[in-house]
Amino acid sequence: MRETQCPSESWCDSFTMADQVPSIELGNGGNMPYIGLGTFKTKDCEMRESLRVALECGYRHVDTATFYQNEDAIGEVLQEWLASGKVTREEVFITTKLPRIGNRAGDVARFLQKSLEKLRVSYVDLYLFHHPVGAIGKDDDDLSPVDSEGNSINDPDTDLESVWKAIEEQVDAGRARNIGLSNFNIVQIERILKVCRIRPANLQVEVHAYHQQRDLRALCHKHGISVCAFGPLGAPYMADGAGERPVLLEHPKVVSIANRLARTPAQVLLRFLIQLGMAVIPKSSNPDRIRQNFQVFDFELSTEDMSSLEDLDCGKEGKIFTMEFSKSHPECPF
Ligand SMILES: NC(=O)c1ccc[n+]([C@@H]2O[C@H](COP(=O)([O-])OP(=O)(O)OC[C@H]3O[C@@H](n4cnc5c(N)ncnc54)[C@H](OP(=O)(O)O)[C@@H]3O)[C@@H](O)[C@H]2O)c1
């Protein structure tokens, strides 16, 4: 891989070159590569090829979840790469997540064990509490339980603190190197910080130029919790959620910066978040885009370009993932 530039001194503080992909220190000796392959809505058939392409071009971080139902395909490719010696287990950072139907202390170990079996590894690098709103499935495969009217069958008794304690036990058991939260708000994170024995190493939340989550990121920074941005390209497949705004990848400011720097709009959006200090996990099933999205360590956005992109923030209005299923639940984070 090419030599990387450090865009700013503050950014350099948290920047290491573990295994050649720039990475964020997680505070316990572990490192999370700044860029990972997102896999939401990547079906098995395309998952294998996407991951092979990603590993070939240098990705060493993959983000999945029980909910995505592609852990098996990811496990197949991981096994192929590990067995051939092209990578060692230590060189690949694997994140997976507890499904909403597993948001009970007694369910955590079982769901993580199932993930490990599918991924064909003995531990994950990061296990995330996927969502604070629990659901009640009829069995472990009923990942999006809905009633006859199509409404999510939520579990009103979700107890975040007790689930977190069960997640901590996964570190003790050697099944997870790091643990973290996803889709939690400030108050919920503070509640976990009050009771935790092992602090969350990471928060995975929706962050992109339209929804920059400044308060949430400041809280994480204060407590030494790294942030990973999901939907970093503005999830164009959910473009309807953007209302009157242009799809982020087509925003004139983004396109103009990209043209001036001879980069793609996606590279500009990813580089923007990385320069703000976050990891990014863009999803693509297109080999050319998977390769392009990784080329974000050999250029730098100027202070002017950064502030121009910072001006795109629409606060709460910029949120694309509305997660309607969570609206009536006492732990709805939004
Ligand atoms: N924790 C959570 O609750 C949560 C929620 C959502 C997502 N996530 C994670 O975050 C990852 C990323 O989020 P996301 O997939 O929702 O959205 P995203 O990465 O912002 O956008 C992915 C979309 O952008 C397209 N795309 C990718 N690269 C592109 C490029 N260079 N130019 C133009 N289009 C491009 C992809 O299409 P092609 O495949 O055709 O390239 C795909 O439709 C997910 O895959 C998942 O791993 C986590």
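These legends go with a handful of close-up views of a predicted model.

**View 1. The open sheet, strand by strand.** Eight strands line up here in the order β4-β5-β6-β7-β8-β9-β10-β11, with parallel pairing throughout an open sheet. Look to the edges for β4 (37-38) and β11 (279-280): each has a single partner strand, so one side of each is left without a neighbour in the sheet. As a reminder, strands of a sheet pair through backbone hydrogen bonds, either parallel or antiparallel.

**View 2. Zooming in on β6 beside β7.** Here we pick one pair out of the sheet: β6 (residues 93-98) and β7 (residues 124-129) run parallel and share four bridges. To get your bearings, find threonine 95, then hop across to leucine 126 in β7, its bridge partner.

**View 3. Helix α2 against helix α3.** The axis of α2 (residues 44-57) comes within 8 Å of the α3 axis, and the two cross at roughly 35°. The crossing is right-handed. On the α2 side, the contact is made by Asp44, Met47, Arg48, Leu51, Arg52 and Leu55. Facing them from α3 are Asp72, Ala73, Ile74, Glu76, Val77 and Trp81. Sort these residues by class and you get seven nonpolar and five charged, with no polar ones.

**View 4. Helix α3 again, now with helix α4.** This time α3 (residues 71-84) meets α4 (residues 108-119), with axes that come within 7 Å and cross at roughly 45°. The two helices are therefore oblique to each other. From α3, the residues to look for are Glu71, Asp72, Ile74, Gly75 and Leu78, while α4 brings Ser115, Lys118 and Leu119. It's a mixed bag: three nonpolar, two polar and three charged residues make up this contact. Asp72 and Ile74 may look familiar, since they also turn up in the contact with α2.

**View 5. Helices α5 and α6 packed together.** Helix α5 (residues 160-172) packs on α6 (residues 186-195) at an angle of about 55°, and their axes are 10 Å apart. That angle makes the pair oblique, too. The helices cross in a right-handed way. Leu160, Glu161 and Trp164 represent α5 in the contact, and Gln188, Arg191, Ile192 and Val195 represent α6. By class, that comes to four nonpolar, one polar and two charged residues.

**View 6. Around the ligand.** Which residues are closest to the ligand? They are Gly38, Phe230, Leu233, Ala266 and Lys283, out of 29 residues that surround the ligand. Gly38 also takes us back to the sheet, where β4 (37-38) is an edge strand. Helix α10 (residues 287-294) gives the largest share of the shell, three residues. As for chemistry, the shell has twelve nonpolar, 14 polar and three charged residues.

How values were computed:
Residues numbered from 1 in each chain as written. Predicted model: local features only at pLDDT ≥ 70, side-chain atom pairs only at ≥ 80, totals over all residues. Axes fitted to C-alpha atoms, helices over the stretch in contact; angles between N-to-C directions. Parallel < 35°, antiparallel > 145°, perpendicular 65-115°, else oblique. Contact = placed C-beta atoms within 7 Å. Nonpolar A, V, L, I, M, F, W, Y, C, P; charged D, E, K, R; others polar. Left-handed = near helix turned anticlockwise from the far one by under 90°. Near = placed C-beta within 6 Å. Pairing = 2+ DSSP bridges.
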